[in-house]
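The exercises below concern the arrangement of strands and helices, and each is followed by a solution that proceeds step by step. Please work through them with the structure open beside the text.

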Amino acid sequence: MPDLTLYLGGTRSGKSMQAERDALATQQHVLYVATSRCPADDAAMCERVRRHRERRPGSWQTLECETRLACGIDAALERLAVTQPLTAVTVLIDCVTMWVTNILCSLPDPKNTAMLEDECEREVQALLTVMERRPCHWIIVSGETGLGGIAASAMARSFADALGLVNQRLAAEAAHSWLCVAGKKLLLSD
């Protein structure tokens with residue numbers, strides 16, 4: 001089982017800040033994996049990305065990776081292992097919500113729920129395989145979108161279902177899972 005801590009929460013719940021504090025507290029080298037893109041026609045998203053970038057310490061290494069996280073992270077850790085032991089590295093992935101969004105947007109048929117769930121399962125399994133092979137401390141941030149009822153559109157329902165399944169899979173592997181609400185965190189248990 002990987003050394004994994006999972007932070008879940010809604011929009012502006014404080015999940016990213018809690019995860020960043022956790023990463024800082026390790027006093028290790030941090031590989032920050034950013035999954036959000038900054039489209040030129042979305043000023044609000046670009047502002048979110050800018051705020052996240054500004055909060056990160058300059059000593060943290062950033063890997064921008066929208067899909068195929070396992071490949072990107074594994075290659076970055078391979079390079080990093082040349083200079084330091086991976087047991088002294090924390091990998092912070094922020095966030096799974098955008099990762100699943102990017103997977104959805106990369107599909108030939110984004111409305112195909114089975115296709116989305118299959119692709120998410122492949123990507124999550126690949127990530128878990130890397131996590132098992134690489135003895136880092138892992139911190140993952142994800143949105144909890146399943147608390148607001150069933151969405152009206154088929155694509156929104158498909159996305160919420162896929163993200164819920166990914167979150168369940170990650171939580172099953174995590175040593176600690178936290179739910180963040182209003183900047184506070186609550187430890188989840190079985």
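Contact, as used in the first exercise, means heavy atoms within 4.5 Å. The model is predicted.

**Exercise 1.** Determine which strands helix α6 lies across, and state the angle at which the helix runs to β1.

*Solution.* Begin with helix α6, which spans residues 154-173, and look for the strands beneath the contact: the helix lies across β1 (3-9), β5 (137-143) and β6 (176-181). Then compare directions, which shows α6 running at about 145 degrees to β1.

**Exercise 2.** Work out the strand order of the sheet, and explain why β3 and β7 each have one side without a neighbour.

*Solution.* The order is β3-β2-β4-β5-β1-β6-β7 in an open sheet of 7 strands with mixed pairing. Because β3 (61-64) and β7 (184-188) stand at the edges with a single partner strand each, one side of each is left without a neighbour in the sheet. From one strand to the next, the twist averages 20 degrees. Within this order, β2 (residues 29-34) and β4 (residues 89-94) pair in the parallel sense over 6 bridges, and Y32 stands opposite L92 in β4.

**Exercise 3.** Classify how helices α4 and α5 cross, and list the residues that meet.

*Solution.* The axes of α4 (residues 96-106) and α5 (residues 113-133) come within 10 Å and cross at roughly 130 degrees, which makes α4 oblique to α5. The crossing is right-handed. On the α4 side, W99, V100, I103 and L104 meet L116, E119, C120, E123, V124 and L127 of α5; by class, this contact has 8 nonpolar, no polar and 2 charged residues.

Technical notes: Residues numbered from 1 in each chain as written. Predicted model: local features only at pLDDT ≥ 70, side-chain atom pairs only at ≥ 80, totals over all residues. Heavy atoms only, no water. Pairing = 2+ DSSP bridges. Helix = DSSP H or I, 4+ residues; strand = E, 2+ residues; numbered from the N terminus. Axes fitted to C-alpha atoms, helices over the stretch in contact; angles between N-to-C directions. Parallel < 35°, antiparallel > 145°, perpendicular 65-115°, else oblique. Left-handed = near helix turned anticlockwise from the far one by under 90°. Nonpolar A, V, L, I, M, F, W, Y, C, P; charged D, E, K, R; others polar.
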